[in-house]
Amino acid sequence: MSLFIFSCDNKDDVDSDTVAIMKDATGTFSSGNNFTLGLDINIEGTDVVLVYRRVGNVWQIIPKTYYLDDVQNLPTGRELDYNFDFTSQDVEIRTTANFNQATQMTGTETNQYLTNQTFRIVLVPANAAGKASKSASVDYNDYNAVVKYYNLNDSNVTNTKVN
């Protein structure tokens with residue numbers, strides 16, 4: 001006769017039977033694409049969508065607002081926003097501004113904020129309780145904390161050129 005006992009403490013909020021997905025998208029925002037970059041990606045109804053922008057060697061979460069320096073002959077108080085929308089089939093990342101992005105940015109600003117921008121889309125599964133994983137005890141603003149919490153391997157993420 002044998003006895004087999006299995007116990008689980010249910011102390012983790014991670015849905016370990018679903019794998020998180022990470023994809024990179026690199027593109028240039030312009031008036032020709034309405035300052036929008038799109039990436040086709042299959043998103044489950046219970047997934048939480050996180051989007052980060054590469055700034056140097058750091059990933060910054062978006063939405064994010066940048067307050068541009070006042071420059072002679074350009075409007076003052078310029079604000080440039082990164083944001084995103086998604087459906088079950090794609091993610092669209094866009095910039096919006098309180099000024100004309102096509103004509104009221106310096107060349108340096110255009111290169112820094114619009115040209116060859118890389119974004120990382122991270123799809124995080126819902127937890128075992130069926131709640132959106134945004135309720136998990138992780139700081140979603142901190143890319144490295146998300147990678148650690150969900151035990152993600154970000155060493156070989158697919159990068160897609162968009163637009």
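This report describes a sheet, the nonpolar cores and one buried loop residue in a predicted model.

Residues are numbered from 1 along each chain as its sequence is written, and because the model is predicted, local features need pLDDT of at least 70, side-chain atom pairs count only at pLDDT 80 or more, and totals for chains, interfaces and linings use all residues. Side-chain values rest on heavy atoms, with hydrogens and water left out.

**The sheet.** Helices (H or I, at least four residues) and strands (E, at least two) are DSSP runs numbered from the N terminus, and two strands are taken to pair if DSSP finds at least two bridges between them. On this basis five strands form an open sheet of mixed pairing, in the order β4-β3-β8-β1-β9. Its edge strands, β4 and β9 (158-161), each pair on one side only. The twist averages 30 degrees from one strand to the next, where axes are lines fitted to C-alpha atoms and angles run from 0 to 180 degrees between N-to-C directions.

Three of the pairings are set out below.

| Strands | Sense | Bridges | Facing residues |
|---|---|---|---|
| β3 and β8 | antiparallel | six bridges | Y52 and R120 |
| β3 and β4 (58-62) | antiparallel | five bridges | Y52 and I61 |
| β1 (21-27) and β8 | antiparallel | seven bridges | T26 and T118 |

Y52 thus appears with a partner in β8, R120, and with I61 opposite in β4. β3 and β4 also form a hairpin with two residues between them, and G56 in the turn has a positive phi of about 65 degrees.

**The cores.** A residue is called buried under 20% relative accessible area, exposed over 50% and partly exposed in between, with a 1.4 Å probe and protein chains only. By this criterion β3 is mostly covered, six of its eight residues being buried. A nonpolar core is a set of buried Ala, Val, Leu, Ile, Met, Phe, Trp, Tyr and Cys residues joined through side-chain atoms within 4.5 Å. The largest such core has 25 residues, and those with the most contacts inside it are V51, V91, I93 and I121. Two or more residues each come from β2 (36-40), β3 (48-55), β6 (79-86), β7 (90-97) and β8 (117-124). Apart from this core lies another, of 17 residues, including A20, W59, Y140 and V147.

With contact meaning heavy atoms within 4.5 Å, and residues up to four places away in sequence not counted, I121 touches residues including I21, L39, V51, V91 and I93.

**A buried loop residue.** P125 lies in the loop between β8 and α2 (143-149), and P125 counts as buried because its relative accessibility is 4%. The C-alpha atoms of P125 and G45 are separated by 9.4 Å, although the two residues are 80 residues apart along the chain.
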